[in-house]
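Colleague: I'd like to learn how to read a model like this one. Could you walk me through it, one feature at a time?

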Amino acid sequence: MRRPLNRRLRAAAVLIAAAVAAPLAVPSPAAADGVVIGGSPVQVSDSPWAVALASRDRFGGTRAGQFCGGAVVAPTIVLTAAHCLSMEVLGAPLETVDDLHVIAGRNDLKAAGGREVAVRDVWVNEEYDSFTNAGDLAILTLDKPLPADHVIPMAPAGDRAYDAGTAARVYGWGDTTGQGDYARSLRAARVRVLSDAACEAAYPGNADGTYLRGVMLCAGEMEGGRDACQGDSGGPLVARGRLIGLVSWGSGCGQAGSPGVYTRISEVVARFTAP
Ligand code: 4AZ
């Protein structure tokens, strides 16, 4: 059921609609090696749409307060995961977090550089289901626009970027080992989009969640090794130069048979660009 959008959300929807990839979208960036688990360092200048979500008040200053990732889809709009803004993650109600901001254009969280931009408005999908993890989406409106070259187009439904077997890359400052070793600098890992059948077989429903086709996608290597992990949530999964997913959940990190599960961006596009 579609609900009427409120006014601020409508404004975000217009910007999001403008960000949907045109049929001839930009080519994918040159391959670098594999956040993240099994990943390797990348330059944020080559992937400026990958931003850190941060609050020093909640998470302390050692890593500039980074706790999740996000993807820039319009100069003032960042997509992230709904669960990043939960009480469980923030340790406090979202309304009480006064210093929520994104860090753009900074590789090393311990260094200066890039921009810190305050989040002016937060929309959290009220239909996010913390049991299945369906609808793991939040939309942040920034206080000031980021440069236009930070924006990544979103892949609409039917885009070949969603085809099983497509090479993709996931970006983040999250745990690089699954043992709480958080990255200082941005990393990326190469993964492959897996078929809905494989994702359903991996996650028919357990304590971590349930794979639901149409609203999720999963990616990884069936033998494990390369994956997103804690701290990467909300961050971008990119294929063919387009945004296809946001890091959402999985059983562990990089384990054989347990690929990473992502919020499917085509569902976001459909929801916010429908007449
Ligand atoms: C997490 O806890 C999380 N391996 C993120 C991604 C994955 C697992 C857990 C995928 O935020």
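Colleague: Let's start with one residue: does Gly 245 count as buried or exposed?

Modeller: Buried means under 20% relative accessible area, exposed means over 50%, and partly exposed is in between, using a 1.4 Å probe and protein chains only. Gly 245 comes out at 0% relative accessibility, so it counts as buried. Keep in mind that this is a predicted model: local features need pLDDT of at least 70 and side-chain atom pairs count only at pLDDT 80 or more, while totals for chains, interfaces and linings use all residues. Residues are numbered from 1 along each chain as its sequence is written, and side-chain values use heavy atoms, with hydrogens and water left out.

Colleague: Where is Gly 245 found, and which residues is Gly 245 in contact with?

Modeller: Helices (H or I, at least four residues) and strands (E, at least two) are DSSP runs, numbered from the N terminus. Gly 245 belongs to strand β12. Contact means heavy atoms within 4.5 Å. Ignoring neighbours within four places in sequence, Gly 245 meets Gly 235, Pro 236, Leu 237, Tyr 262, Thr 263 and Ile 265. Thr 80 is 165 residues away in sequence, yet its C-alpha lies 9.9 Å from that of Gly 245.

Colleague: Ser 248 caught my eye as well. Which side chain does a polar contact join to that of Ser 248?

Modeller: A polar contact is a pair of N or O atoms within 3.5 Å; within protein, one must be able to donate a hydrogen and the other to accept it, and residues adjacent in sequence count only if both atoms are side-chain atoms. Here the partner is Asp 136, at 2.7 Å. Ser 248 also sits in β12, which spans residues 242–249, and its 7% relative accessibility makes it buried. Beyond four places in sequence, Ser 248 touches His 83, Asn 133, Asp 136, Ser 233, Val 261, Tyr 262 and Thr 263.

Colleague: Asn 133 is in that list. What is phi of Asn 133 near?

Modeller: Phi is near 80° there, a positive value in a residue other than glycine. Asn 133 lies in the loop between β6 and β7 and is buried at 8% relative accessibility. Ala 64 is another non-glycine residue with positive phi, near 60°. Ala 64 is in the loop between α2 (56–59) and β3, and its relative accessible area of 3% makes it buried.

Colleague: On to the sheet. In what order do the six strands close into a barrel?

Modeller: Two strands pair if DSSP finds at least two bridges between them. The barrel order is β2-β3-β4-β7-β6-β5, with antiparallel pairing. On average, neighbouring strands of this sheet are turned by 40° against each other, direction ignored; axes are lines fitted to C-alpha atoms, for helices over the stretch in contact, and angles run from 0 to 180 degrees between N-to-C directions.

Colleague: How many bridges join β3 to β4?

Modeller: Three, and those strands run antiparallel. A hairpin through two residues joins β3 to β4, and Ala 74 stands opposite Ile 77 in β4. Next, β4 pairs with β7 over four bridges, again antiparallel, with Thr 80 facing Ala 138 in β7. β6 and β7 are antiparallel too, with five bridges, and Val 124 stands opposite Ala 138. Finally, β5 (residues 101–104) and β6 (residues 115–124) share four bridges, also antiparallel; Ala 104 has Arg 115 as its bridge partner, and Ile 103 stands opposite Glu 116.

Colleague: Which residues of strand β4 are buried on each side?

Modeller: In a regular strand the side chains alternate between the two faces of the sheet. In β4 (residues 77–80), Ile 77 and Leu 79 are on one side and Val 78 and Thr 80 on the other, all of them buried, so both faces are covered.

Colleague: Which residues touch the most other members of the largest nonpolar core?

Modeller: A nonpolar core is a set of buried Ala, Val, Leu, Ile, Met, Phe, Trp, Tyr and Cys residues joined through side-chain atoms within 4.5 Å. The largest one has 77 residues, and Leu 53, Leu 79, Val 102, Leu 237, Leu 243, Ile 244 and Ile 265 touch the most other members. β3 (residues 66–74) contributes most, with six residues. Domain 1 (7–27 + 48–150) and domain 2 (160–266) both supply residues, so this core lies between them; the domain bounds come from an automatic or database domain assignment. As for Ile 265, its contacts beyond four places in sequence include Leu 79, Leu 243 and Ile 244.
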